[in-house]
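Student: I have a structure open in front of me and would like to learn how to read it, feature by feature. Could you take me through it slowly?

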Amino acid sequence: MSDRLANSPFAKRFGLTTPIALAPMALASGGELAAACAKAGALGLIGGGYGDPGWTQREYGIAAQALSTQPEAAAQLGCGFITWRMKEDRSALDYVLDRERPPAAIMLSFGDPSELARDIVARGVPLICQIQTMAQLPQAVDAGASVIVGQGVEAGGHGMKSAQGRSTFTFVPEIADWLAAHAPHVDLLAAGGVADGRGLAAAMTLGADGALIGSRLWATQESLAADAAIAEAVQAGGDDTARSGVFDILREKNWPAEYDFRALRNALHRKWENRLDELRADPEAAIADYKAGVAAQDYSRAHVTVGEGTGLISENASATQVIEAITYQAGNFFR
Ligand SMILES: Cc1cc2nc3c(=O)[nH]c(=O)nc-3n(C[C@H](O)[C@H](O)[C@H](O)COP(=O)(O)O)c2cc1C
């Protein structure tokens, strides 16, 4: 283990042995995956996503139970939510905040965190804010974020549309410089395209204190992603993903206009990617087609949510193996 990794301010803040956070991936980062990441020395964030209270209670409970005999790992369990959705119904957030053992952190992404942050920070729970542009940075810091996650457009799942979004490679050092000048007590994680030790070492060389990893940990045995979907991602290369609003329309998700979604660019995506207005105007038949694809696990129609880093995923390993391999490989760059 390299000192540079274990001594990163982010690792020290949460008592981690490696400066990695599991991305709180909606419906994929369940209790088993979050617990496995915490046991492997990373921060395990449950994917509270849209804030389904039943799902969040079940998965958070599974993780807490799995960690019940390991207090140090139990202290590395937290949860993430989609900010704009919490403004409509925050009961899942309240459930996590009201637990006897407070969460290690709450992560908020996609929207102004200020209002929700007040309550989180007042309870002494560290706040992690994922941002996509420099313009969002002062707002997140003013809201009381202890950790900023800079998300590049390479990332899997939701993020800023390509026209406004940033690439991880330039975004991370620009945030690092701003934080050094204005808020040196705030830690920084890179998100988007970190899928192996080279990515973690690169992120830290660019000024991050660690990385938030989604796609690579989505494709693990403990993830709630279907094995058949993971097999698609293992086969795919980084050229095979695209950002668009296609799957949000098909899933009837009411996302704010500035965000879209990266997934494998499958046949159904290709069919609609240049006809979004038409799809929006008359989506019923396409939604039925999509739902039939999901039911049949037919991934030429159902979405497979991974980012460009899918080209670096060659097997469906355990989360422990993935975290150990990333940590080992990154550590070799700092010896
Ligand atoms: C399957 C999947 C689901 C995601 N769901 C969420 C989510 O619910 N909330 C969130 O803040 N970010 C979500 N993200 C984005 C991650 O937080 C993170 O920015 C991204 O995974 C980092 O890029 P990477 O996938 O290349 O590691 C999701 C990502 C993936 C791959």
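Student: How many nonpolar, polar and charged residues does the shell around the ligand have?

Tutor: This is a predicted model, and in it the shell around the ligand has 13 nonpolar, 16 polar and one charged residues, when they are sorted by class. Of the 30 residues around the ligand, S109, A155, G156, G157 and G214 come nearest.

Student: Which helices and strands each supply at least two residues of that shell?

Tutor: Strands β2 (44–49), β3 (77–82), β7 (157–160) and β9 (210–213) do, and helix α12 (215–218) does as well.

Student: Let us turn to the sheets. In what order do the eight strands of the open sheet stand?

Tutor: A general idea helps first: in a regular strand the side chains alternate between the two faces of the sheet. Here the order is β1-β9-β8-β6-β5-β4-β3-β2, and the pairing is parallel. The edges are taken by β1 (20–22) and β2, each of which has a single partner strand, so one side of each is left without a neighbour in the sheet. On average, neighbouring strands of this sheet are turned by 25° against each other, if direction is ignored.

Student: Over how many bridges do β3 and β4 pair?

Tutor: Strand β3 and strand β4 (residues 106–109) pair in the parallel sense over four bridges, and the bridge partner of G80 in β4 is M107. Across β1, β2 and β3 lies helix α3 (residues 31–39), which runs at about 155° to β2.

Student: What is the strand order in the open sheet of three strands?

Tutor: That sheet has the order β7-β11-β10, with antiparallel pairing. Strands β7 and β10 stand at its edges with a single partner strand each, so one side of each is left without a neighbour in the sheet. From one strand to the next, the twist averages 30°.

Student: How many bridges join β7 to β11, and how many join β10 to β11?

Tutor: Four bridges join β7 to β11, where the bridge partner of H158 is F261 and G159 stands opposite D260. Strand β10 (residues 241–244) is likewise joined to β11 by four bridges, and these two strands run antiparallel; here R243 stands opposite R262 in β11.

Student: How many of the residues of strand β11 are buried?

Tutor: Six of the six residues of β11 (residues 259–264) are buried, so this strand is largely enclosed by the rest of the structure.

Student: Now a helix, please. Which residues of α8 are buried, and why do they line one face of the helix?

Tutor: The general idea is that an α-helix has 3.6 residues a turn, so residues three or four places apart point the same way. In helix α8 (residues 114–122) the buried residues are L116, A117 and I120. Seen down the axis of α8, these buried residues fall within an arc of 100°, so they line one face of the helix. What covers them includes α6 (83–86), α7 (91–97), β4 and β5 (127–131). After α8 comes G124, whose phi is positive, near 80°.

Student: Which phi values should I look at in residues other than glycine?

Tutor: Most residues other than glycine have a negative phi, and most peptide bonds are trans. In F110, however, phi is positive, near 75°, and in E252 phi is also positive, near 60°. F110 lies in the loop between β4 and α8, while E252 is found in the loop between α14 (246–250) and β11.

Student: Are F110 and E252 buried or exposed?

Tutor: F110 has 22 C-beta neighbours inside 10 Å and therefore counts as buried, whereas E252 has 9 C-beta neighbours inside 10 Å and therefore counts as exposed.

Student: Where does T168 lie, and which residues does T168 touch?

Tutor: T168 lies in helix α10 (residues 168–182) and counts as buried, with 25 C-beta neighbours inside 10 Å. Leaving out residues up to four places away in sequence, T168 touches G152, E154, A190, G192 and G193. From T168 to A155 is 13 residues in sequence and 8.8 Å in space, C-alpha to C-alpha.

How values were computed. Residues numbered from 1 in each chain as written. Predicted model: local features only at pLDDT ≥ 70, side-chain atom pairs only at ≥ 80, totals over all residues. Near = placed C-beta within 6 Å. Nonpolar A, V, L, I, M, F, W, Y, C, P; charged D, E, K, R; others polar. Buried ≥ 20, exposed ≤ 12 C-beta atoms within 10 Å, placed from the backbone. Pairing = 2+ DSSP bridges. Axes fitted to C-alpha atoms, helices over the stretch in contact; angles between N-to-C directions. Contact = placed C-beta atoms within 7 Å. Arc of directions from axis to C-beta.
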